[in-house]
Amino acid sequence: MEKIGIFGGTFNPVHNGHVRLAKHYMEQLGLSRMLVIPTKTPPHKAAPDLADSDDRLAMCRIAFEGMEGVTVSDMEIRREGKSFTVDTVHELKKEFLDAQLFLLVGSDMFLTFRKWKDWQEILKNAILCTAARTDGELQALYACSRELSEFGKTMVFDFPVFRVSSTQIREKVKKGESCRGFIDPKVEEYILHHGLYKGQDKMEKNEKDYVEIIRPLLKPKRFEHSLNVAEQAVFLAKRYGEDEHKAYVAAILHDICKNMPQNEQLQWMEKSAIILDDNLLTQPPVWHGFAGAEYIQQVLEIEDEEIINAVRYHTIGRAGMSKLEQIVYLADLTSKERDYPDAERMRQVVLHSLHEGMREALIFAVRNQAEKRLPLCIDTCQAYNEYLREETDRRA
Ligand code: ATP
């Protein structure tokens, strides 16, 4: 039976991590063919600074040129609407009737796979393969693989880790640094020649500018709360070695859409390329984080993905939160005006450990929703399970 690998991605731009991964999979799985498929609009992640799809396609063609068995396909770029993998898998299944399909994804995609549209259907039609992007990720991948195995076949590979991301490349290009060793020299030449990822010369806003931006958008109490959350976030950033400016910006903006009418919040939220889970859509109180993440990108032109995600997940949390996301999440719960019954104890816990703080906060969040007989967002469940799993692993 023919074995075909499907390697999708934003490839914004394609880098040596992608190329190495493709080579490893070709060898290890004995693939006869691999399709590298740049996506048009990535549905699973925020994509600031997205180069034109023709440019991303052209760069992939350069990077994979001469690699036996590999074809760069424009099937998702040509397709109308968002690029959903399930549609790609169905299309390929029809084209290659007797082939075994392998869907190849990095750890970030694998760990969040259950948020993909029709993920169970994908697992029925393709074997899901993954490998770590950073050291120490394998355990989490095996655990996730066990959970997914109920629905289909998955494979975890222990390939050598190559720490590079397209985000890093874009930042290097923006700063005028060389990308040697991280991308194909011909791809670098293409980027420079076409003036990609240079960024626009935007007026950098300072912290006071952001205070003035939120002031007219929020009710007085909410405005006061945002100032306090920013103060607490900077305090935690100092304590735990995070960038204080980023902590301030994410925290001061975290509730920027909180006082917006619900229908407008929904409209902002739906502009997101991220797939929205049904439990989220039925709970207006958590919409403002997702709406805020879109608003700050489009209106304030914020491109820093960590800040955007800290705003997006500040109410519901998610598995694999960055340190900045944890800081904003916990600063929101422990700012000085908070006076719910456990507020003082939570302030003490976060002084001692961010990790403990997150665990306590998630237990609190899950209990709170259950007591009110309200559904939990998938992201919250996954965050809760992750902190619980780490605790069980530590005890073992
Ligand atoms: P960005 O930094 O913009 O988020 P990226 O580097 O993750 O981009 P994608 O185009 O989104 O690049 O990646 C396509 C696929 O390749 C994804 O499944 C991703 O997890 C995987 N991948 C990307 N870089 C690596 C790497 N260094 N090691 C292993 N897998 C990777």
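**Reading a predicted model, feature by feature**

Colleague: Let's start with Arg-373: buried or exposed?

Modeller: Arg-373 is exposed, because its relative accessible area is 71%, and the cut-off for exposed is over 50%. Bear in mind that this is a predicted model. Arg-373 is found in the loop between H19 and H20.

Colleague: And how do I read its backbone? What is the sign of phi at Arg-373?

Modeller: General idea to begin with: most residues other than glycine have a negative phi. Arg-373 isn't a glycine, yet its phi is positive, about 55°. Phe-11 isn't a glycine either and has a positive phi of about 50°. Phe-11 sits in the loop between S1 and H1. Phe-11 counts as buried because its relative accessible area is 2%.

Colleague: Where is there a cis peptide bond?

Modeller: Again the background: most peptide bonds are trans. Here, the bond joining Asn-12 and Pro-13 is cis, with omega at about 0°. Pro-13 belongs to the loop between S1 and helix H1 (16-29).

Colleague: Back to the loop between H19 and H20. What about Cys-377, buried or exposed?

Modeller: Cys-377 is in that loop, between helix H19 (354-371) and helix H20 (378-395). Its relative accessibility is 4%, so Cys-377 counts as buried. Setting aside neighbours within four places in sequence, Cys-377 is in contact with Asp-277, Asn-279, Leu-280, Gln-283, Val-286 and Ile-316. For a sense of distance, the C-alpha atoms of Cys-377 and Pro-185 are 44 Å apart, with the two positions 192 residues apart in sequence.

Colleague: Now a helix. Why do the buried residues of H4 line one face?

Modeller: An α-helix has 3.6 residues a turn, so residues three or four places apart point the same way. In H4 (residues 85-95), the buried ones are Thr-85, Val-86, Thr-88, Val-89 and Leu-92. Looking down the axis of H4, these buried residues fall within an arc of 160°, so they line one face. Lys-94 and Glu-95 are exposed on the other side of H4.

Colleague: What covers the buried residues of H4?

Modeller: The cover includes strand S1 (3-9), strand S2 (33-38), helix H3 (75-78), strand S4 (100-106) and helix H6 (119-125).

Colleague: How many residues are in the largest nonpolar core?

Modeller: It has 52, and the residues with the most contacts inside it are Ile-252, Leu-253, Ile-256, Ile-296, Ile-302, Tyr-329 and Leu-330. Helix H11 (residues 220-240) gives the largest share of this core, eight residues. Apart from this core lies another, of 39 residues, among them Tyr-25, Ile-127, Ala-131 and Ile-183. As for Tyr-329, its contacts beyond four places in sequence include Tyr-313, His-314, Met-321, Met-358 and Leu-362.

Colleague: Last one, a charged side chain. Which side chain of opposite charge is nearest to Glu-188?

Modeller: Look for a partner within 4 Å, the cut-off for a salt bridge. For Glu-188 the nearest is Arg-180, 6.4 Å away, and Glu-188 has no salt bridge although it is buried. Glu-188 lies in helix H9 (residues 185-193).

Colleague: Then which backbone nitrogen lies 3.0 Å from a polar atom of the Glu-188 side chain?

Modeller: That of Cys-179. Not counting residues up to four places away in sequence, Glu-188 touches Glu-177, Ser-178, Cys-179, Arg-180 and Ile-183. Ile-183 is also one of the residues in the core of 39.

Key
Residues numbered from 1 in each chain as written. Predicted model: local features only at pLDDT ≥ 70, side-chain atom pairs only at ≥ 80, totals over all residues. Heavy atoms only, no water. Helix = DSSP H or I, 4+ residues; strand = E, 2+ residues; numbered from the N terminus. Buried < 20%, exposed > 50% of the residue type's maximum accessible area, 1.4 Å probe, protein only. Lys, Arg positive; Asp, Glu negative; His and termini not counted. Polar contact = N/O pair within 3.5 Å; in protein donor to acceptor, adjacent residues only side chain to side chain. Contact = heavy atoms within 4.5 Å. Arc of directions from axis to C-beta. Core = buried A, V, L, I, M, F, W, Y, C linked by side-chain atoms within 4.5 Å.
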